[in-house]
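User: Could you take a close look at one sheet in this model and walk me through how its strands are arranged and what packs on it?

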Amino acid sequence: MDYEPEQIEYNGNVYPGCRSRDFTGGWNLITLERLFKDTYGYGLNKVIYSTPDHKDRLKILVDLVERRTGLSDFGIYMTKMLTVDALFLNEDRHTHNIAVMTNDKGQFRLAPLFDHGAGLLSDTKMDYPMGQDPVLLVSKARPKTFCDSFTEQLNIAEEMYGRPMSFTFKYRDVKKIVDQAEFYDETVRQRVIDIVMEMCRQYAYLMK
């Protein structure tokens with residue numbers, strides 16, 4: 001799913017953001033947390049974090065979703081999601097923004113990946129201030145899907161469900177996309193490019 005830069009006006013202020021086309025096509029997006037609360041009366045997040053072993057956490061998530069929805073290969077879907085999150089340092093992936101699509105017939109299908117707003121060290125006010133070397137800040141980023149290490153999450157997923165994706169983009173491709181966000185100043189745009197290229201170096205095995 002493609003995103004485009006967008007400036008959002010709210011209460012007299014203008015904020016940088018992004019937009020995508022409507023991908024629902026008459027279906028409804030339902031988060032895993034909501035799906036399990038509606039079905040069983042408790043959230044999936046509670047089930048996951050009551051399990052100590054990180055590998056078991058992912059297996060439980062995948063097995064429960066497949067059992068509830070009838071979808072197959074949800075483990076591959078999760079591995080793709082965790083790959084993208086690791087490469088772009090999305091710190092805010094949890095059961096409130098992992099979702100499936102459903103319709104009025106009770107059918108389910110996989111949802112596009114969405115909500116990457118906490119990626120690329122975007123919290124420049126507190127955790128990752130401008131003016132500091134972003135490459136040095138990368139090691140501070142932590143996920144919250146089922147453990148606090150991007151590399152551990154990805155290693156577990158690949159071990160269990162394989163390595164379903166790789167990437168072919170280069171520096172020029174990243175720069176071309178980033179430069180389209182002209183309402184960010186050049187310092188911010190170059191910072192994003194530097195972060196992406198650093199993650200490409202760290203996960204070089206994913207790059208073709």
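Analyst: Happy to; here is the sheet, strand by strand, and then the helix beside it. This is a predicted model, in which local features need pLDDT of at least 70 and side-chain atom pairs count only at pLDDT 80 or more, while totals for chains, interfaces and linings use all residues. Residues are numbered from 1 along each chain as its sequence is written, and side-chain values use heavy atoms, with hydrogens and water left out.

The sheet is open and has three strands, in the order β3-β4-β5, with antiparallel pairing. Strands here are DSSP runs of type E with at least two residues, helices are H or I runs of at least four residues, and both are numbered from the N terminus. Two strands count as paired if DSSP finds at least two bridges between them. The edges are held by β3 (28–31) and β5 (108–110); each has a single partner strand, so one side of each lacks a neighbour in the sheet. From one strand to the next, the twist averages 40°; axes are lines fitted to C-alpha atoms, for helices over the stretch in contact, and angles run from 0 to 180 degrees between N-to-C directions.

Now to one of the pairings. β3 and β4 (residues 99–102) run antiparallel and are joined by four bridges. Within this pairing, isoleucine 30 has valine 100 in β4 as its bridge partner. Helix α1 (residues 32–40) packs on the sheet and touches β3, β4 and β5, where contact means heavy atoms within 4.5 Å. The direction of α1 makes about 80° with that of β3.
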